[in-house]
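Thank you all for coming. I would like to take a few minutes to walk through one model, beginning inside and then moving outward.

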Amino acid sequence: MNTPKRIAFGVAAATAPAVSMADYSFNFPDPVTPIAHETLHVHNLFMIVILVIFFAVFGIMIYSMWAHRKSRGHAAAGFVAPRSGKQWFWVSVPFAALLVIDYGVFGVPAYHAILSYEDTRTEADMVVKITGNQWLWQYEYPKEGIQFSSRLTTPRAQIDNEEAKGEHYLLEVDNPLVLPVGKKIRFITTSNDVIHSWWVPAFGVKRDAVPGFLREFWAKVDRPGTYRGQCSELCGKEHGFMPIVVHVLPEAEFNAWLAAQKAGSAAAPADASAPAPETPAADAQTKS
Amino acid sequence: MSDATTIDAHDHYTPGGMLRWISTTNHKDIGLMYLIFGITMLVTGGLMILGVRAELFKPGLQLMQPEFFNQLITLHGLIMVFGFAMPVATGLANYMLPMTLGAPDMALPRLNNWGFWILPPAAILLVLPFFLGIFGIGPGAVDAGWTMYAPLSIQSGWGMDFAIFGIHMLGVSSILGSINVIVTILNMRAPGMTLMKMPLFAHGFLVTAILLITVMPVLAGGVTMMLMDRHFGTHFFNAAGGGDPVLWQHIFWFMGHPEVYVLFLPIAGAIPHVLTAFTRKETYGYRAQVYSMWAIGALSVIVWAHHMFTSGMSTNAQLYFMYSTMLISVPLAVLFFCWIATLWRGSMSFETPMLFAIGSIVLFGWGGLTGLVLADAAADPQYHNAYFLVAHFHYALYPTTALGSMAAIYFWLPKWTGHMINERLGKLHFWIAMIGFNLTFIPQFMVGLAGMPRRIPDYPLMFQEWNMLSSIGAFILGASHLIFIYNIYRAYQGGPKAEAKSWEGAQGLEWTLPSPAPYHSFGTQPVIK
């Protein structure tokens, strides 16, 4: 990333109000893919709807508990079921509303969202294969002929509380996944041992990595930055220690990175020592 | 009913001491043992999760290593579902079904005894490797999560084999208990009590029992396949041998989802009993509640794969499981509607059982509503296996299995002990439990949305504040159970004398018996008009 751009990016991220209130955050991280945008939208709508239902229903209940108390001398009524056509009508209204909410308000958009979620092939620009291992991730760019593994770099001393914990404690790796911005990436997941699950919250996607099978999903990241996530299927003792770090770069920088990787892997097949790509100044995922 | 009147005649011999409890065929004795066993398991599973919450109080590994942490979360899940929730429900069924149906005892008393006495060895099988592991013997207990996903569970040490046999035995026990419940309900009702006059409590249990008989053999088959994969060279769950790891998930959740309703329906049946007593009003929509319980039971066996939306199912399967899952909200909403309509224009008072019933309804309401969000297959990956999911299912399960059964226990305790409970302690228990529960799980919703996966022993710094609050809440919630146990103990020791009809508005046959109820509930079956 060139310097003015990097500074601009850093300033923008640092002054975003969300950053300062990170620690009691109560919503999804800033969405950066179409699926994540859709999911956040659906989530916000859902939360409003269910909070309204919850407070309306239990508001009625609390009113009743206040008004219909024995200590206020309220005598019990005798009704046990709707008694007239009109009452039947009003009794069925909440259920009709519920069906509309289920199948209309959420069911219809969900239908389109699922189709979009599963459409991994249309206009895909690139394929990345993710392989889960106990306990690291391997990334492969089959067409580009690049392959490397990505493992936790947080020192054991920090985990054992012998050293102060760094800013990206448990969310830092030696070789992050590097992706170009604005390109549709088709991801293929699989595993070498047990089931893992690849999740980057800012991308809004999570897919299991099942040994012996291939699974797919896609992401098209619309902003450069560093995005972090964790394995989210219990995979043994180091399950909590196999993070995911993705660097999303502008296309030119991505191409430069690709070229360097190819040259590096030609020179030294084991490229674990290859320098990690530059980290953009701001960290876009961990704060929301 | 001439033999019913002479039911006591051949039962004069009662051995003393431990032998009485081992050989008893009496529904009250067995019910009590189920309840004591369940509450013992509640404490065991609770202590385990308090260990987990203590570890998660701060980032970093303070108290334990991940291997041990995984055993704790796994045992917590298995113990709470199979050791606490189901036995407590079965205990309530044993104690109360004959009394609410106007029967002298359960239909199959010896089977009843056997069903209970399988439980303690099963629980020992489950936890023995854990304690051996603490003393450095063996690899420790089952550690693949209570869902035991293959192939991780194929890798585990022999704690897994102990768990497989434990689950087999627990399954046998619950199938035996279910057979007994079904036979009792179908054959032992008082004359004139048709199925549609039967108490809702019995309806809830009838659906539960049928669900258990449907799904427990499937789980037994599944864990047997796992055992074969582990030791006998089969490849059911191994892709290299032509199997499929995801097959295990289908088998597990075919049991696991109905299991949620197995835990819920007994409580859904008991809550109207509490509500009618303290509103002094008939239950609203009896028929609607009965049909809803049956509808929930039927739907529960066709929605299982909504637990697997991230596993990479086909698009059509995702659509089907999403839409079928949404359908369950309708019968559940009917139940809520009827409960609230039962409260409406009643003459309410708020004794301890009523508080617990209302707390159960409100919190379970939130659990159900958040379930609506999780049903959306496109949004689900963002919640799935994150703490949001953990908070959701605790809002679904704790208010029903714990708060609901506490409501039922407090409600019927005067009938069991002959003494009224201490209301002040009961109310104290209620409010501490409410504060503790919400303080534990509201932060878990938040931290889940922020991106914290479940089942991790250590976490990034940004999740620290919520986890700290959650851990404080968990210890408050844990402490509330001590008040519960002490209050029950006190009621058995003494207290104000309970009338036959212990609560002013109580309805049902059980309140026609003296308190405490006689050893054989109804010598002569009452006739229902």
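**From one core residue to the chain contact**

Let me begin with B:Val274 in this predicted model, which, once its neighbours within four places in sequence are left aside, is in contact with B:Pro353, B:Met354, B:Ala357, B:Ala407 and B:Phe411. B:Val274 is also one of the residues with the most contacts inside the largest nonpolar core, a set of 243 residues, and it shares that standing with B:Leu126, B:Ile271 and B:Ala407. The element that gives the most to this core is helix H4 of chain B, residues 66-101, with 22 residues. Chain A takes part as well: its domain 1, 34-71 + 80-118, and its domain 2, 126-273, both give residues to the core, which therefore lies between them.

Now to the contact between the chains, which takes 77 residues from chain B and 81 residues from chain A. On the side of chain B that touches chain A, several helices each supply at least two residues, among them H4, helix H10 (245-279), helix H13 (352-375) and helix H17 (464-493), while H12(B) gives the most, with twelve residues. That side of chain B divides into 45 nonpolar, 23 polar and nine charged residues.

Finally, a word on confidence. The model scores ipTM 0.90 and pTM 0.91, and chain B has a mean pLDDT of 93, with 98% of its residues reaching 70 or more. Over residues 1-7 of chain B, however, the pLDDT is below 50, although this stretch has eleven contacts in the model beyond near neighbours in sequence.

How values were computed
Residues numbered from 1 in each chain as written. Chains lettered and ligands numbered in written order. Predicted model: local features only at pLDDT ≥ 70, side-chain atom pairs only at ≥ 80, totals over all residues. Core = buried A, V, L, I, M, F, W, Y, C linked by C-beta atoms within 7 Å. Buried ≥ 20, exposed ≤ 12 C-beta atoms within 10 Å, placed from the backbone. Helix = DSSP H or I, 4+ residues; strand = E, 2+ residues; numbered from the N terminus. Domains from an automatic or database assignment. Contact = placed C-beta atoms within 7 Å. pLDDT = per-residue confidence, 0-100. Nonpolar A, V, L, I, M, F, W, Y, C, P; charged D, E, K, R; others polar.
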